[in-house]
Amino acid sequence: MPDCKPCADNGIIVPAMRVVNGVPKCDACFRNEQAPPPTKEQPEMKPKIDWREAQKRRDAGESVADIAESLGCSDVNVYTHTHKAKGGATPRATRTVTRKKEKSVETGKGDLLTSLRAEREELDRVIAFLEKRA
Ligand SMILES: [Zn+2]
């Protein structure tokens with residue numbers, strides 16, 4: 001039996017245990033051969049991104065940073081594959097909200113959204129009151 005060909009290519013001399021398709025191989029190389037090659041496996045492992053879904057989320061007001069994080073891609077990727085929601089917040093404003101949200105998560109409590117909504121209701125009342133007086 002000749003030496004293992006893949007091992008010999010790597011400069012290691014190992015006696016081959018079998019010949020596969022005319023290539024002498026040791027047990028380790030034979031087992032490696034049976035496993036799918038890693039180069040072919042990787043692109044399949046990365047889920048294909050549904051950009052229409054991403055666009056829907058952007059339209060719904062979700063921030064690009066949040067979408068990018070959940071999709072496992074970069075902000076730039078989201079920007080290039082989706083467009084700004086009609087009448088939606090600017091990316092800058094969205095980003096500020098995201099940062100504040102993260103901070104509230106960090107401190108554990110203090111639901112920012114809830115407090116902002118309460119503030120908005122308060123403002124609405126003030127505006128309505130002033131409008132009646134005007
Ligand atoms: Zn080998």
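The questions and answers below concern a predicted model of a single chain.

Reader: How many helices and strands are there in the chain?
Author: From the N terminus on, the elements run α-β-β-α-α-α-α-α-α-α. That order goes with a count of eight helices and two strands.

Reader: What percentage of the residues of the chain count as buried?
Author: A residue needs 20 or more other C-beta atoms within 10 Å of its own to count as buried. Of the 134 residues of the chain, the share that does is 10%.

Reader: What share of the contacts with a separation of 6 or more comes from residues 24 or more positions apart?
Author: The contacts considered here are those in the chain with a separation of 6 or more. Within that set, residues 24 or more positions apart account for 28%.

Reader: Is Cys4 buried or exposed?
Author: Cys4 sits in the segment before helix 1, which spans residues 5–9. Leaving aside neighbours within four places in sequence, its contacts include Val14, Pro15, Pro24 and Cys29. Within 10 Å, Cys4 has 24 other C-beta atoms, and the cut-off is 20 or more. Cys4 is therefore buried.

Reader: How far apart are the C-alpha atoms of Cys4 and Phe30?
Author: Cys4 and Phe30 are 26 residues apart along the chain. In space, their C-alpha atoms are separated by 9.6 Å.

Reader: Which residue in the loop between strand 1 and strand 2 is considered here?
Author: Most residues other than glycine have a negative phi. The residue in question has a positive phi of about 50° although it is not a glycine. With 6 C-beta neighbours inside 10 Å, this residue counts as exposed. The loop runs between strand 1 (18–20) and strand 2 (23–25), and the residue is Asn21.

Reader: Which residues of helix 4 are buried?
Author: Helix 4 covers residues 51–59. On the other side of the helix, Arg52 and Glu53 are exposed. The buried residues are Ala54, Arg57 and Arg58.

Reader: Why do the buried residues of helix 4 line one face of the helix?
Author: Ala54, Arg57 and Arg58 are the buried residues of helix 4. They pack against helix 5 and helix 6. Seen down the helix axis, the buried residues line one face because they fall within an arc of 100°.

Reader: Are helix 4 and helix 5 roughly parallel or roughly antiparallel to each other?
Author: The axes of helix 4 and helix 5 (residues 64–71) come within 10 Å and cross at roughly 150°. An angle over 145 degrees counts as roughly antiparallel. The crossing is right-handed. Helix 4 and helix 5 are therefore roughly antiparallel.

Reader: How many residues of the contact of helix 4 with helix 5 are charged?
Author: From helix 4, Ala54, Arg57 and Arg58 meet Val64, Ile67 and Leu71 in helix 5. These residues divide into four nonpolar and no polar, and the charged ones number two.

Reader: Is Asp59 exposed or partly exposed?
Author: Asp59 is found in helix 4. Its C-alpha lies 7.4 Å from that of Lys84, 25 residues apart in sequence. Asp59 has 15 C-beta neighbours inside 10 Å, whereas a residue counts as exposed at 12 or fewer. Asp59 therefore counts as partly exposed.

Reader: Which residue just after helix 4 takes a positive phi?
Author: Helix 4 ends at Asp59, since it spans residues 51–59. Just after the helix, a positive phi of about 100° is taken by Gly61.

Note on methods. Residues are numbered from 1 along each chain as its sequence is written. This is a predicted model: local features need pLDDT of at least 70, side-chain atom pairs count only at pLDDT 80 or more; totals for chains, interfaces and linings use all residues. Helices (H or I, at least four residues) and strands (E, at least two) are DSSP runs, numbered from the N terminus. Two residues are in contact if their C-beta atoms, placed from the backbone, lie within 7 Å. Axes are lines fitted to C-alpha atoms, for helices over the stretch in contact, and angles run from 0 to 180 degrees between N-to-C directions. Angles under 35 degrees count as roughly parallel, over 145 as roughly antiparallel, 65 to 115 as roughly perpendicular and the rest as oblique. A crossing is left-handed if the near helix is turned anticlockwise from the far one by less than a right angle, and right-handed if clockwise. Ala, Val, Leu, Ile, Met, Phe, Trp, Tyr, Cys and Pro count as nonpolar, Asp, Glu, Lys and Arg as charged, and the others, Gly among them, as polar. The arc is that of the directions from the helix axis to the C-beta atoms.
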